[in-house]
Amino acid sequence: MILYIKKTNIILSTGMTVLVSQVNRLRKMNKPLVGVGCASTGDTSAALSAYCAAAGIPSIVFLPANKISMAQLVQPIANGAFVLSMDTDFDGCMKLIREITSELPIYLANSLNSLRLEGQKTAAIEILQQFDWEVPDWVIIPGGNLGNIYAFYKGFKMCEELGLVDRIPRLVCAQAANANPLYLNYKSGWKNFTPVKATTTFASAIQIGDPVSIDRAVYALKNSDGIVEEATEEELMDEMAAADATGMFVCPHTGVALVALRKLRERGVIGRSDRTVVVSTAHGLKFSQAKIDYHSKAIEGMGCKFANPPVEVKAEYGAVMDVLTKYLSNVS
């Protein structure tokens, strides 16, 4: 199996570039838009606030209080966004922003907006370009609000229709078990979708129980012979740590996608010679506290089997020699 990890903060950036550019055009046409708003679990607000700052457009962000990392919170703040921290989860923020933008001249920037998806689909085109237009067999994407899974499908399908490729990859949506409404829908044979109450997960950006792009995601998966897989908290943290040990330093959401890869590979669904792209949605530095807790074995009920805590040793030649000798005998 050939594995290719695709870093994709660019997904949010390309989607938001298209959207903010359109808002900028509308404002120059004197349309009554005072700003752009979004509900976010982190990265959407970072992209929105950055591009709005560059364009001189006010940005408004609804964030769930105490449910995202400080590194995610500081980005929209630093970019000058008007940030509302709310005592609800992402689904509650999403409900409120939809109500607010229907009453105030604020442009909605979440993936309900088709402009976001038009920009995000270019990530699929970029993957094909980097593969020299040879289609990968699989693309695995972490799923929360589910706009990305449809955007990837849209980009791959467009390239097929244009004759640039002769097929599209099979798509896999990976969800955290604590926020898995699409997985449950898939396991039921795509029967009636039922939202869930998402509970706390280290993969906080996909802690979404009522995704707004559910219908488009199901369409994309059905038309790409797609699969939905899930990861428990221990699985995703162990997989993240295993990836980090190879030099990647990924986010927990990438850990979710890597768990899906491992499970599908173990079941023989993904073959030994299949070329597989795993979408990595954020940098590990945004989740440094989760990594610290993991390697300190400070997460209650979690074995943290790949933990690598520092070894405390006296600043003495003999003590250091003893520790290093023991270490080298284990790694040689």
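Two strands are counted as paired if DSSP finds at least two bridges between them. By that rule, strand β3, residues 59–64, pairs with β4, for five bridges join the two, and they run parallel. The structure described here is a predicted model.

**The sheet and a helix packed on it**

Within the bridges between β3 and β4, Phe62 has Leu84 of β4 as its partner. Both strands belong to an open sheet of four strands, whose order is β4-β3-β2-β5 and whose pairing is parallel. At the edges stand β4, residues 82–86, and β5, residues 106–108, each of which pairs on one side only. From one strand to the next, the twist averages 25 degrees. Helix α2, formed by residues 43–55, packs on this sheet and touches β2 (35–39) and β3. The direction of α2 makes about 170 degrees with that of β2.

**The annotated span**

An unreviewed UniProt entry carries the annotation "domain: Tryptophan synthase beta chain-like PALP" for residues 20–281. In the model, this span is 45% helix and 16% strand. The C-alpha atoms at the two ends of residues 20–281 lie 21 Å apart.

**The two largest pockets**

Rolling a probe the size of a water molecule over the atoms shows where empty space is left. The volumes of the largest and second largest pockets are set out below.

| Pocket | Volume |
|---|---|
| Largest pocket | about 360 Å³ |
| Second largest pocket | about 190 Å³ |

Which residues are the closest to the centre of the largest pocket? They are Ile68, Ser69, Phe202, Ser204 and Ala290, out of 19 residues that line the largest pocket. Two elements, α3 (70–78) and α12 (288–295), give two or more residues to this lining. Helix α12 supplies the largest share, with four residues. By class, the lining of the largest pocket consists of seven nonpolar, nine polar and three charged residues.

The second largest pocket is lined by Val311, Val323, Leu324, Lys326, Tyr327, Asn330 and Val331. Its lining divides into five nonpolar residues, one polar residue and one charged residue. The charged residue is Lys326 and the polar one is Asn330, because Lys counts as charged, whereas Val, Leu and Tyr count as nonpolar and Asn falls among the others.

Methods:
Residues are numbered from 1 along each chain as its sequence is written. This is a predicted model: local features need pLDDT of at least 70, side-chain atom pairs count only at pLDDT 80 or more; totals for chains, interfaces and linings use all residues. Side-chain values use heavy atoms; hydrogens and water are left out. Axes are lines fitted to C-alpha atoms, for helices over the stretch in contact, and angles run from 0 to 180 degrees between N-to-C directions. Contact means heavy atoms within 4.5 Å. On a 1 Å grid over the protein atoms alone, a cavity is a set of points where a 1.4 Å probe fits but cannot get out, and a pocket is an open set with protein on both sides within 12 Å along at least five of seven lines; lining residues have an atom within 4 Å of a point. Grid points are joined across faces, edges and corners, and a volume is the space filled by probe spheres set on the points. UniProt positions are given in the numbering used here, feature names are shortened, and annotations may be inferred rather than shown by experiment.
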